[in-house]
Amino acid sequence: DTRSGAECTRGIDTHPAHTALLPPPLAPPLHCCSHRVSFRISDMSSAPGLADLAPCASGGDSGDSSTTDTKLQNTAFLIQLVCLAAAFIIGLFIKRYKIFWLHEAGATLLLGILVGFVMWACNTTDKVTEWLDFNEEVFFFLLLPPIIFESGYSLQTRDFFNNFGGICGLAFAGTFISTLFIGLFTWVCGLVGICYSMSLLHSLIFGALISATDPVTVLAIFNELGVNIDLYSLVFGESVLNDAVAIVMYRTLVTFEKDDVTFGSLVTASAMFVLIFAGSMLVGTFLALCVTVFFKQMGRTLMENEPMIEASLVMIAPYCAYAMAEAMALSGIVAILFCGIVMAHYTKPNLSVDSQRNTQIIFKVLATLAETFIFIYMGVAMFLEPQSWGTLPFAIVGIVGCLGGRALNVFPVTKAVNRWRKPSRRIPDKHIWMIWVSGLRGAIAFALASSSIKDIGEESGRVIRTATLMIVLFTVLTIGGACHTLVDKLDLRAPSLPYSDMEGGAEEGGGGGNGD
């Protein structure tokens, strides 16, 4: 290339680090999903000086810079892998030495905080930190689906449907009550000057996203100690459905950012909530039934002695449900959840023994990796993401609101459920207290809080994200750390029959306690 450097720079620099220097008409659109910059070929066709682009881009500086970027990206990826391995090893030590006051989820969160602090203190280049930082798009499209599907696929459907009324009451009515209480409580506290003040709509959006529970720590302790199966099913089932309800409710409330709040818009939003949830449920159920019919009618013939192909086809099905629901402007999370529930009940029995075992292991491994990755991500975000530390009183108000909203959710709903149950199947008081304690907050609440920055604006969004991160830390480290002691204090270790088996009078009141 015989042109001067000045002539060369009149073309378009395609390197991501230099795109900010371009004039507005040529600036390529940002793709937040990958934190990198891309552009469309069609945008280049009419731009001046594009005929000279190739020679300029082939210069040595561009090649060296590209190589440097690749090295930094691989460095970030290596840090992530080391953190994952370290989190699993720490978890093994916690189990081996019976450290009850700290669970794996809490230790992983603290590990992420440590890594984020070291990166921040060392003033690490943005090229590394942008690959380590929390990305809500990656979370919703890559990390969350395997977790949600595995929750449905590993579900003990008999116990789930035995407690379906209680689960739906806690997940639907309970989430709605919690959203209203937290939203109104934080709004009023803001009005009287106790904490940062935001609009009623933004307060309700915060109430919706922070109502998403994530009792990973509690459920892991339940598994280790072998608590009552119906208590486990209530907590597990509520958390699974509650996540889906909170996501749909959040997205419904966000629509009011553009629309005026009127009676008609409220009716429309309520109808859209029902439509999205029901439509997503039908999409997931439909895909699962199609897969079931295929394996029942053709699987044994086509895939005899082909367990790997059989397992591969099973793995494709939930992502088809997720993609179909999202393409129809529904909720992929709800669709993949019900796809997992239906496949567990109908598809799994039609698989070979090897495929049943393989798919269970594969989905569990993927979900475990994703969950661990998410807790590391959340910890890292404390130092790598800009936080609104000056609004800490809002976080304290949020914690009080979560505890109060959880109480108004659990105690009235379980009381109503017990009215409809036979005396032998009523939920014992000790179990109700444990359900209240089990309302930890986690990854879904934080991901929605991160999305709120672009959904409702920078100012309120950052306050909500900082408050959500503080609430996650408080619930996981303090309440989660105390769960082992609470299980012992409430005597939930005691062997007991499921509520449904108590109808024969084997053990009145049942559960880890001695009845109501």
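Start with Ala335: setting aside neighbours within four places in sequence, this residue touches Ser280, Val283, Gly284, Ala321 and Ala325. Keep in mind that we're looking at a predicted model. Ala335 sits in helix α14, which covers residues 332-347. Its relative accessibility is 0%, so Ala335 counts as buried, the cut-off for that being under 20%. There's also Ala278, 57 residues away from Ala335 in sequence but 9.3 Å from it in space, C-alpha to C-alpha.

Now for the surface. Phe88, Ile361, Val365 and Leu369 make up a nonpolar patch there, and together they have about 320 Å² of accessible area. Helix α15, running over residues 353-384, is the top contributor to this patch, with three residues. Ile361 has its place in helix α15, and it counts as partly exposed because its relative accessibility is 48%, which falls between the 20% and 50% cut-offs.

Here are the two residues side by side:

| Residue | Helix | Relative accessibility |
|---|---|---|
| Ala335 | α14 | 0%, buried |
| Ile361 | α15 | 48%, partly exposed |

And the chain as a whole? Its secondary structure adds up to 19 helices and two strands. The chain has 516 residues, and 51% of them count as buried. As for contacts with a separation of 6 or more, 80% come from residues 24 or more positions apart. On the outside, the protein chain exposes about 23,800 Å², with carbon and sulfur atoms supplying 66% of that area.

How values were computed: Residues numbered from 1 in each chain as written. Predicted model: local features only at pLDDT ≥ 70, side-chain atom pairs only at ≥ 80, totals over all residues. Heavy atoms only, no water. Helix = DSSP H or I, 4+ residues; strand = E, 2+ residues; numbered from the N terminus. Buried < 20%, exposed > 50% of the residue type's maximum accessible area, 1.4 Å probe, protein only. Contact = heavy atoms within 4.5 Å. Patch = residues over 30% accessible without salt bridge, like charges linked within 9 Å, V, L, I, M, F, W, Y side chains within 5 Å. Areas by Shrake-Rupley, 256 points an atom, 1.4 Å probe, with all protein chains shown as cover. Salt bridge = Lys/Arg side-chain N within 4 Å of Asp/Glu carboxyl O.
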